[in-house]
Every structure is written in C-alpha cells, then in structure tokens.
Amino acid sequence: MTYEDLMSRAATAFQSGKTKDIDFRRKQLNALLRMYEENKDEMARVLAADLRRPKQESYILEIEFLINDIITTINSLDEWTKPMKPEKGIVNMMDDVLIYPDPLGVVLVMGAWNYPLQLPLVPFGAAIAAGNVAILKPSEISVNCANFIAENIPKYLDNECYHVVCGGVQETTELLKHKFDYIFYTGSGRVGKIVYEAAAKHLTPVTLELGGKSPCYIDNTVDISKATRRVLWGKFINAGQTCIAPDYILCTKEIQDKFVKEAKVVLKEWYGDDIKKSPDFCRIVNQVNFQRLTKLLSSGTIAVGGKTDADERFIEPTIIVDAKSTDAVMQEEIFGPILPIVNINNAFEAIKFITARDKPLALYIFSNNTNDRQTIIENTSSGGVCVNDTIMHLAVDTMPFGGVGPSGMGGYHGKYSFDTFSHKKSCLVKKIDTISEKLSNARYPPYSDKKINYLTFLTKKRKGFSIPYLPQLVLLGVGVAATIFVQRILPECEQ
Amino acid sequence: MEDWNSWDDNGDAPLLTSDIKREFPFDLLSNQTKNLIDFEMDGYENILGQLRATFRSGKTKDLKYRKKQLEALLRLYEENREEIINALAADLRRPRQEAIVFEIDVMTNELLGLINNLDEYAAPIKPDKGVANMFDKVTILKEPFGVVLVIGAWNYPLQLLLVPVAGAIAAGNCVVLKPSEISVHCSRFIAETFPKYLDSDAYQVISGGIEETTSLLKHQFDYIFYTGSNRVGQIVHAAANKYLTPTTLELGGKSPCYIDDTVDLNRAAKRILWGKNSNVGQTCIAPDYIICTKEIEKKFIEESRNVIKEWYGDDVQQSPDYGRIATDGNFKRLVTFMNCGTIALGGKFDASDRFIEPTILTDVSHDDPVMREEIFGPILPIVNIHDIHDAIDFINARDKPLSLYIFTSNNKDRDLIIDSTSAGAVCVNDTVVHFVCNLPFGGVGASGMGAYHGKYNFDTFTHEKGCLEKSMDYVSEKLSDARYPPYTDNKASYLSFMMKKRKFWKIPFFSHILAFAFGAAAAYYLKKYYFN
C-alpha cells in the first residue's frame with residue numbers, strides 16, 4: 001500500500017464516523033488491553049532482544065505501565081468524552097453553553113527506540129480514546145519491538161482505522177509530506193525540528209516530546225545513601241537511555257565524595273563484582289550510540305566504572321567527577337550510563353548553572369530544606385520537577401508530562417493525553433424566541449448611545465460572589481432542618 | 001486569483017502573486033532554517049535582551065506586579081475611550097457602537113475576568129493522587145514561558161492584539177506587541193499610549209511592516225501568538241521552527257451558516273446580517289456563506305431587504321452605522337466577487353470611499369471564486385442544498401471553518417450537524433456572540449491552532465510544570481526499594497501490585513450526602529442531649 005492509498009483509506013475511515021462512536025472506541029481500547037495482557041512474555045522478549053532489557057524493567061517501565069494507562073483510559077472514557085458545561089454569564093443565562101471534545105481526524109504518532117513500546121503506544125491509545133484515526137510509526141532502530149507492533153496491532157484493532165507504518169528515515173520523510181490533523185513525536189530535538197517544519201507546511205499542530213540535560217541537585221540535608229540509590233536507579237535503568245534520566249549532578253565537593261563512596265557500595269550490591277555478567281543491566285542500542293558515548297568518557301576524571309566492550313555494546317555504570325561545563329560530556333544529552341558531577345557551592349550557583357542552559361525535560365532536587373527547594377523550583381524552568389527521587393513523576397498520570405522550550409512542547413499522560421488528541425469545540429446554543437430577541441436587539445443599527453449603554457451593562461463582567469462549598473453547606477442545613485422536622489412529627493405520631 | 005486563499009495582510013499593495021512572492025519571505029517556507037540562521041543585527045536584540053533580563057529578574061512573576069500592570073491596562077482603556085473610538089473610525093470608519101461593543105467592552109471584560117480570577121488561575125493545581133503517591137506532594141505549577149510575541153491583525157486592530165497581550169501579562173510573561181501596520185491609526189495609538197501606562201522594561205511595542213516582522217521573527221521567543229491569515233500563519237509557524245517555539249495561530253476560513261425552515265426567518269436574518277455586516281464583514285468569524293433550500297433563500301432575501309432598509313435607510317452609503325473596507329487591495333478583491341452568481345440584494349460599490357453595499361448573491365456555484373476563499377467583506381453568497389445531509393457533506397468537503405452557524409429549532413438536526421462536522425466553534429441560532437462567552441475561542445485544522453479567552457487565555461501563555469515531591473523517610477524507602485537490582489520475580493510482582501490501577505467505586509455527590517447526614521446527626525444529638 002502506498003502512502004497515498006494509506007492516507008485516503010484513513011481519511012475515508014474517519015469520515016465514516018466509526019471512530020466517533022464511544023462504544024467503538026471502548027471496544028478498541030479493550031482490544032488493545034487484551035493485546036498487552038496476552039503478549040506480556042512476547043513484549044518482554046522483544047525488549048530483551050532490542051535492548052537486553054531485564055524482565056523487571058520491561059514490566060514496570062513498559063508492560064505494566066501500558067496496561068495501567070489503558071485501564072485508566074477505559075475507566076475514564078465516559079467522563080472525558082462528555083461535553084463540558086462551563087459557567088455562564090448573565091447574557092447567556094437562558095442559553096446552553098457546551099464544550100465538546102471533538103476528535104481531530106487522522107493523526108500520526110511517532111515513537112522512539114529507547115522505550116519502544118511505551119512511548120509510541122501510550123499516545124496511540126489516547127488517540128484512539130479521543131476518537132481519531134491513528135497511524136503509528138514505531139522507531140526502526142528497535143526493530144524487534146517495531147515488528148511486534150506491526151504484527152499485533154492489525155490482529156487486535158480495526159484495520160481501517162488504525163495502521164502501523166514501519167521504515168527508516170526515507171519512509172518517514174515521505175510520510176511526513178502528507179497532511180495529518182495532528183502529529184505526536186517522541187525523540188530527539190534534531191528530528192523534532194524536521195517534524196515541526198513538515199507540520200508547518202500543513203499547519204498541523206504537534207506535540208514534541210524531546211529530551212535535554214536534566215540536572216540533579218543534591219544538598220547536605222538528605223540521607224546520601226538513599227539519595228544515591230534513587231539517583232543511580234533513575235540513571236542506570238535502561239542503561240541511561242531514558243529521556244528523563246538525571247543527566248548530571250550538581251553538588252558540592254564534599255557531597256561528591258560521599259556520593260561516589262556510596263555509589264561504589266550500591267553498584268556492587270546491585271550488579272555484583274562484574275557488572276557485565278549481571279542480567280540486570282541493559283546494553284546500548286546500537287554502535288553509533290556506543291561510539292558517541294565512549295568518546296564522552298574522556299571528559300573529567302573517572303571515579304567509578306569506565307569499562308566498555310564494543311562487541312556487546314556494554315558500557316559500565318560510570319561516574320565522572322570534577323566535570324567542567326566545557327567538557328564534551330556537558331555539551332549534549334548523554335543518554336547512556338555516564339554520570340558527570342559538576343561542583344557548585346550552593347543552591348544559588350545551582351540555579352545560575354541551570355538557567356544558563358536550555359530548559360530541561362526534568363529537574364531533580366534532593367533536599368529536605370523546603371526553602372531551598374522552593375527557591376530552585378520557582379527560579380528555574382523545566383518540563384517537570386521531581387523532588388527527592390528520579391523518574392517517578394512520570395508515573396503520576398494526573399500531572400501533564402512534557403517539555404518546555406528545547407525539551408519539547410505539549411504535555412500528556414492520563415486526561416492530558418486525551419486532551420492532546422481532542423479539539424475543544426465550543427458551542428453556544430441560543431434561543432430565538434421573542435424574549436431573547438428583545439434582550440439582544442439593541443445590537444442592531446441604527447446605533448444609539450442608549451443601545452451602547454444597555455449592551456455595555458449587559459455584557460459587563462462582574463466579580464462573581466461565590467461561597468466555597470455552598471451546596472454542601474446548604475445540605476448541612478437541610479439535614480438539620482429535616483431532623484428537627486422529623487423529630488417534631490414523630491413524637492406526635494407516637495402519642 | 002487562485003493563489004488567494006485568504007484575506008491579506010499587505011494592505012494596499014497590488015495583490016498579485018508575483019508581488020506577494022517578492023515582498024514576502026516565501027523562501028522561508030522551503031529553506032527556512034538556513035535563511036533564518038544568519039540574521040543581521042537589526043536593533044531588536046537590544047530590546048529583546050532587555051526583556052529577557054527583566055524576565056530573569058523574576059519581576060513579572062510577582063502576582064501583585066501582574067495585577068498592577070493589568071489594572072494599568074484597564075486604566076488605559078478607560079482614560080482613552082475617545083481616542084480609541086477615533087482611531088478605529090480613522091482606520092475602518094467604524095461606527096461608535098461597534099467600536100465600543102466589539103473592542104472596548106471586549107477588552108475591558110477580558111481584563112476584568114483576568115484581574116478577578118488571577119489568584120485562582122495562577123494557583124498551583126493539586127491533582128488526584130494514586131495509592132503510590134499517598135505520602136507525597138503532587139502539584140502542577142503555572143509557569144510563565146518567558147518572552148512572548150503577540151502579532152495582531154488589522155480588522156479588530158486593538159482587541160485582537162490586546163486581549164492575548166492581557167493573557168500573556170496575566171500569566172507572568174514579558175511581551176513584545178506587534179500591531180498590524182495596515183490599521184495605522186490604531187497601531188500608532190498603541191505605540192504611543194501603551195508605554196505610558198505599562199512597564200516598558202517588560203512590555204515593548206514594535207511597529208512596522210513585512211520587513212520588520214520578518215526580521216523580528218528571526219529572533220528567539222518562548223511563545224508566538226499570531227492572529228491573521230492562513231498564509232502568513234504558515235510563515236510564522238515556519239519561523240517558529242528554528243527555536244521550536246510553540247505557537248497559537250488564530251486564522252480564519254469560510255464559516256458556513258445553515259438555515260432550516262423551523263426558525264423565525266426575520267430574527268434569523270437579523271442575527272445573520274448583523275454578524276455579516278458589522279465591521280463590513282471584515283470579521284474572522286463572520287458568517288461567510290449561507291446554505292439553505294431554495295424556498296428559504298427566497299424568504300431570507302425578502303426579510304433581508306426589509307432589515308437592511310430598517311437598519312441603514314434607503315441609501316446605505318449615507319448611513320453613519322456602516323463601515324468601510326480597510327484597504328484598496330481588499331476593495332478590489334471584493335468587487336470581483338460581484339460577478340459570481342446573481343446579485344439578489346445590494347451590489348453597489350464606490351471605490352473613492354471603499355464602500356461596498358451589503359450584498360447577497362444567489363445561484364452561486366460551488367467553485368465560483370467567491371466560494372474559493374474567505375470573503376472578508378459584506379458579500380453573502382447563498383448556496384442551495386436539498387436537505388441537512390447535503391449541508392453536512394458540503395461542509396465536510398471543505399477546510400474546517402473557524403465557526404459554524406446553525407439556525408434551527410429542531411434539536412435532532414442541530415445535534416446531527418454538530419456531531420458530524422468539525423469547526424473551531426459552533427453557534428446555534430445566532431452569529432458572532434459565542435466570541436464573548438468565556439468559551440475557548442480558536443480554530444482547528446486550516447482555521448488555526450490553540451484557543452484563548454478567559455482562563456484559556458491565561459493557560460495559553462502558561463507552562464504547566466508537574467512537580468512531585470517525595471518523602472525520603474524510612475517507610476517511603478522501604479515501599480519503593482523493590483525497584484532496585486538485583487531483580488527478582490518477587491520484586492516485580494510487588495511493584496505490579498503497587499502500580500495497579502483500580503477502579504474506585506465513586507459515589508456521586510458523596511460530599512453532599514455526607515453534609516446532609518452530618519447535619520441530620522448534629523441536630524439529632526443536640527436535640528437529644530441539650531434540649532431534652
């Protein structure tokens with residue numbers, strides 16, 4: 001099937017109105033859930049094949065994550081698809097004011113290779129929930145996962161409404177020439193720009209989930225042993241190939257020493273004496289990335305790790321101390337198991353360091369000093385913030401997850417994913433009876449000052465007098481009244 | 001004329017494709033990144049550097065400061081009411097009532113809404129937490145983007161610029177305002193008056209035409225808000241690519257107006273003609289064309305004849321309540337539409353005055369020039385259809401419009417159209433007024449992206465920063481240390497159990513029922529122990 005055929009098939013499918021039906025969407029989401037549940041082992045297998053991903057990481061970071069995401073979506077579908085009824089002013093007192101979540105049409109979801117199932121399939125599920133026809137383009141780098149998706153989606157989902165397109169740069173370039181109603185891209189800033197440029201030609205709105213160097217600030221008010229575990233866990237899952245992995249640490253010289261000492265203990269406890277032998281540590285996805293990462297090892301001083309093996313694309317968990325802001329390792333997103341530590345003297349220097357650079361996708365702060373925490377959060381900008389832990393904010397699906405500035409645009413997860421793929425269609429339904437015509441005919445010519453004053457008065461915004469919890473308060477009163485009433489009646493009845 | 005797909009932003013220029021290509025940075029579209037990288041020093045870096053320094057100082061993040069600036073803007077509107085009316089009259093011969101209702105009142109009300117609700121809009125959101133985050137603090141912080149650019153349009157030269165500017169200020173950003181150079185009096189008014197009322201360290205007006213806008217767009221902004229034509233919208237979007245700047249594009253399109261035989265046609269005609277002829281049709285959400293049956297068409301024209309006479313008298317050109325076309329370029333473009341179909345009403349025009357009479361065209365074919373681009377003038381073609389399904393097909397075969405108007409008292413038909421078409425917004429049994437009722441206002445597809453007004457205006461200029469603050473105590477570490485290697489099946493099952501989404505049985509109106517029960521219980525006990 002050529003892309004022209006695909007696009008026209010997708011357009012026809014959307015025009016048929018099939019995907020607008022809520023029951024149809026629910027059925028498709030249930031089918032997607034069944035696909036995850038029936039293929040858990042297979043998913044773990046393809047992830048291991050692409051990234052040598054340990055089973056536990058596959059389960060908690062992809063498989064269970066996907067299942068939970070779909071369950072939330074299915075459970076909330078009725079609520080999310082219901083038209084919203086916003087507050088009305090006096091002018092519209094007699095009218096209906098509604099906001100419909102309308103599907104956008106044919107949308108394109110492009111996934112990344114580092115979490116090759118979760119990153120494409122979470123937005124894909126949301127696109128289905130919002131009633132769109134969706135085309136999914138998994139990353140060609142994680143080839144086993146791409147094949148899994150391409151084989152299984154057609155088995156479980158409607159073949160007219162949901163399509164998978166595989167292929168590399170050439171195919172993607174060709175695909176992007178077509179007009180989509182929305183594009184959701186996860187990946188690098190460089191490709192993000194290509195996607196954004198292609199989208200601009202058709203005025204297509206986009207979500208770009210990119211990356212960046214997410215800083216991790218540690219001060220002396222936290223238990224350094226726990227902090228080290230939480231930082232190293234976030235850094236070394238998936239061998240550091242995580243868009244929100246802590247990229248570098250900002251701390252004082254003293255904390256650096258303690259952190260390194262602690263890290264040695266932790267790594268030994270986690271992976272044993274020979275990390276290469278541990279089944280719980282991933283490999284770098286391809287040679288290009290492996291080569292890029294080994295070059296970064298020449299920055300600063302290696303305090304922990306540093307071993308590599310090109311045959312296996314293995315890079316040992318590595319900590320670089322005394323890294324300078326001019327070192328190669330500080331010029332680009334690392335995206336591998338290399339953790340440089342940059343020394344600063346206090347929170348203010350940390351803020352200065354962070355704000356002098358591109359806005360990161362995540363900002364990590366390890367501190368029990370609430371004041372310092374607040375100062376850093378308020379004076380820096382980042383996609384999200386996670387205090388005293390890493391990665392975990394991604395799992396809170398009531399918060400939008402996404403970047404700002406060079407780390408991306410648009411947030412998703414939970415309801416935010418649904419909203420991403422919906423157009424909020426405002427709808428005002430006015431009466432056309434005599435009263436409503438009388439109320440509004442001052443707007444017609446011939447114009448006069450009297451008409452102006454009347455219209456100004458009518459549309460004037462007033463400060464709404466609103467008592468919090470008014471309905472509850474009223475019902476409390478009703479409860480009191482009812483009881484008194486009943487008690488007064490009852491004795492009389494007994495007599 | 002085929003290259004025309006929308007109304008234009010380059011005013012009096014002879015509007016030929018070759019001229020547009022010469023004057024507009026069209027090559028931006030194909031090769032923009034290369035072209036944009038080597039911009040010359042153009043004097044804007046100083047202004048932008050100043051704004052950036054102000055933003056970094058944190059001044060604009062202070063809520064009191066924002067409120068003070070918004071109040072100053074409110075004062076600007078109040079103290080310069082007559083100047084505003086005069087500037088609009090000079091640019092568009094806008095009648096006083098239209099100036100007040102469509103610009104001053106809209107801007108004032110938007111500001112009042114923002115000022116009254118600023119604390120609420122800016123307050124961090126506390127979303128629901130799952131079991132896994134029971135002990136943690138979960139907030140969504142409202143963070144300003146930084147230095148934002150707002151580009152206005154000439155058709156509502158104050159409102160379309162200053163309403164989003166108010167949103168940007170309320171959200172805590174520094175703002176560059178770029179008024180349209182076509183509406184020259186309004187542009188001058190803004191450039192002169194704005195700095196007198198608001199802080200120039202944080203807000204700067206930059207005036208100028210295509211050249212200035214082109215070089216301005218080469219600089220880095222944290223957000224761009226553009227109102228105008230589809231074509232320039234593409235240029236703005238392309239320029240935004242260099243720095244991956246998010247944008248709102250408020251564009252236009254041909255907003256259809258469907259009428260069936262269940263409505264009072266006199267009232268319908270009034271509501272449609274008002275929306276169409278206010279500002280002489282130069283309104284992005286004006287009903288562009290009517291779709292109805294032949295019978296309704298006849299009645300509609302009869303009603304319209306009376307309404308126009310009642311409103312503007314026998315000679316519309318003499319009426320003080322009817323505006324003029326903004327530029328010669330647009331006037332010429334509109335006059336060519338008079339050749340489409342049959343003129344059923346109006347049809348007079350006068351180049352010396354840029355006057356075009358309210359005109360209704362019938363027997364228009366689907367591919368007449370007047371049906372191929374947004375009209376943006378007082379010409380109203382009627383396309384005949386046989387039934388509602390025809391209407392839906394007709395709408396869906398075209399670009400998604402900014403607004404869709406439906407005149408019907410048949411609720412079933414109404415819902416059928418709403419459900420099976422897409423548009424920026426829908427207004428039933430009226431035109432244009434959905435603009436002023438706190439709904440998100442914006443297009444979809446070809447009619448734009450992003451929405452504003454009220455809370456949506458604030459949110460447009462705000463980054464929602466998710467923030468999870470975890471505890472680091474013994475319990476919380478115990479709860480979460482199953483995630484660490486060495487991995488085991490036990491650990492994996494424990495984590496799955498913790499993460500598992502459960503469907504909570506939600507009792508509707510739980511808090512209300514609880515309040516009632518509490519009231520009843522309190523009264524019962526009081527009575528029992530104190531009054532007996």
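Let me start with the surroundings of Thr227(B), which, once neighbours within four places in sequence are set aside, is in contact with Ile151(B), Gly152(B), Ala153(B), Leu160(B) and Glu250(B). Thr227(B) belongs to strand β5 of chain B, a strand that covers residues 223–227, and in this predicted model its relative accessible area is 4%, so the residue counts as buried.

One of those contacts, Glu250(B), deserves a longer look, since the UniProt annotation "active site", from an unreviewed entry, covers Glu250(B) and Cys284(B). These two positions are spread over 35 residues of sequence and yet cluster in space, with a largest C-alpha distance of 9.0 Å. I would keep in mind that such annotations may be inferred rather than shown by experiment.

What is the place of Glu250(B) in the secondary structure of chain B? Glu250(B) sits in strand β6, which runs over residues 247–250, and with a relative accessibility of 2% it counts as buried, because the cut-off for that word is under 20%. Not counting residues up to four places away in sequence, Glu250(B) touches Phe225(B), Tyr226(B), Thr227(B) and Gly228(B), and its contacts also include Phe441(B), Gly442(B), Gly443(B), Ser447(B), Gly450(B), Ala451(B) and Tyr452(B).

The other annotated residue, Cys284(B), is placed in the loop between α11 (265–277) and β8 (289–292) of chain B. Is Cys284(B) buried or exposed? At 9% relative accessibility Cys284(B) counts as buried, and, leaving aside neighbours within four places in sequence, its contacts are Asn155(B), Leu251(B), Gly253(B), Ser255(B), Glu374(B), Phe376(B) and Leu402(B).

From Glu250(B) we can step to Gly443(B), which is among the residues that Glu250(B) touches. Gly443(B) lies in the loop between β15 (425–428) and β16 (448–449) of chain B, and it too is buried, at 5% relative accessibility. Its contacts, again without neighbours within four places in sequence, take in a residue of chain A, namely His423(A), as well as Glu250(B), Leu402(B), Gly424(B), Gly448(B), Met449(B) and Gly450(B). Leu402(B) therefore appears in the contact list of Gly443(B) as well as in that of Cys284(B). For a sense of scale, the C-alpha atoms of Gly443(B) and Pro124(B), which are 319 residues apart along the chain, are separated by 28 Å.

Now some backbone details. A cis peptide bond joins Pro445(A) and Pro446(A), with omega at about -5°, and Pro446(A) falls in the loop between α15 (434–440) and α16 (449–459) of chain A. In chain B, a cis peptide bond joins Pro485(B) and Pro486(B), where omega is about -5°, and Pro486(B) is in the loop between α17 (474–480) and α18 (489–499).

Two residues other than glycine also call for a check of the backbone: Ile391(A) has a positive phi near 65°, and Leu244(B) has a positive phi near 50°. Ile391(A) is placed in the loop between β15 (384–387) and β16 (408–409) of chain A and is buried at 6% relative accessibility, while Leu244(B) is placed in the loop between α10 (230–240) and β6 of chain B and is buried with a relative accessible area of 5%.

Turning to chain A as a whole, there are 17 helices and 17 strands, and the C-alpha atoms fill a box of roughly 85 × 65 × 60 Å along the principal axes. Of its 495 residues, 59% are buried, and among contacts between residues at least 6 apart in sequence, 72% join residues at least 24 apart. Chain A exposes about 19700 Å², of which carbon and sulfur atoms supply 55%, and it carries 58 positive and 58 negative side chains, with the centres of the two sets 5 Å apart.

For residues 469–490 of chain A, UniProt lists "transmembrane region", again from an unreviewed entry; in the model this span is 95% helix and 0% strand, and its end C-alpha atoms lie 31 Å apart.

Finally, a word on confidence. The model scores ipTM 0.92 and pTM 0.91, and chain B averages a pLDDT of 89, with 91% of the residues scoring at least 70. Over residues 1–40 of chain B, however, pLDDT stays under 50, although the model has 86 contacts beyond four places in sequence for that stretch. Where pLDDT is low, predicted coordinates should not be read in detail.

How values were computed
Residues are numbered from 1 along each chain as its sequence is written. Chains are lettered from A and ligands numbered from 1 in the order in which they are written. This is a predicted model: local features need pLDDT of at least 70, side-chain atom pairs count only at pLDDT 80 or more; totals for chains, interfaces and linings use all residues. Side-chain values use heavy atoms; hydrogens and water are left out. Helices (H or I, at least four residues) and strands (E, at least two) are DSSP runs, numbered from the N terminus. Buried means under 20% relative accessible area, exposed over 50%, partly exposed in between (1.4 Å probe, protein chains only). Contact means heavy atoms within 4.5 Å. Accessible areas come from the Shrake-Rupley method with a 1.4 Å probe; for residues, only the protein chains shown count as cover. Lys and Arg count as positive and Asp and Glu as negative; His and the chain ends are not counted. The place of a charge is taken as NZ of Lys, CZ of Arg, CG of Asp or CD of Glu. pLDDT is the predictor's confidence in each residue, from 0 to 100.
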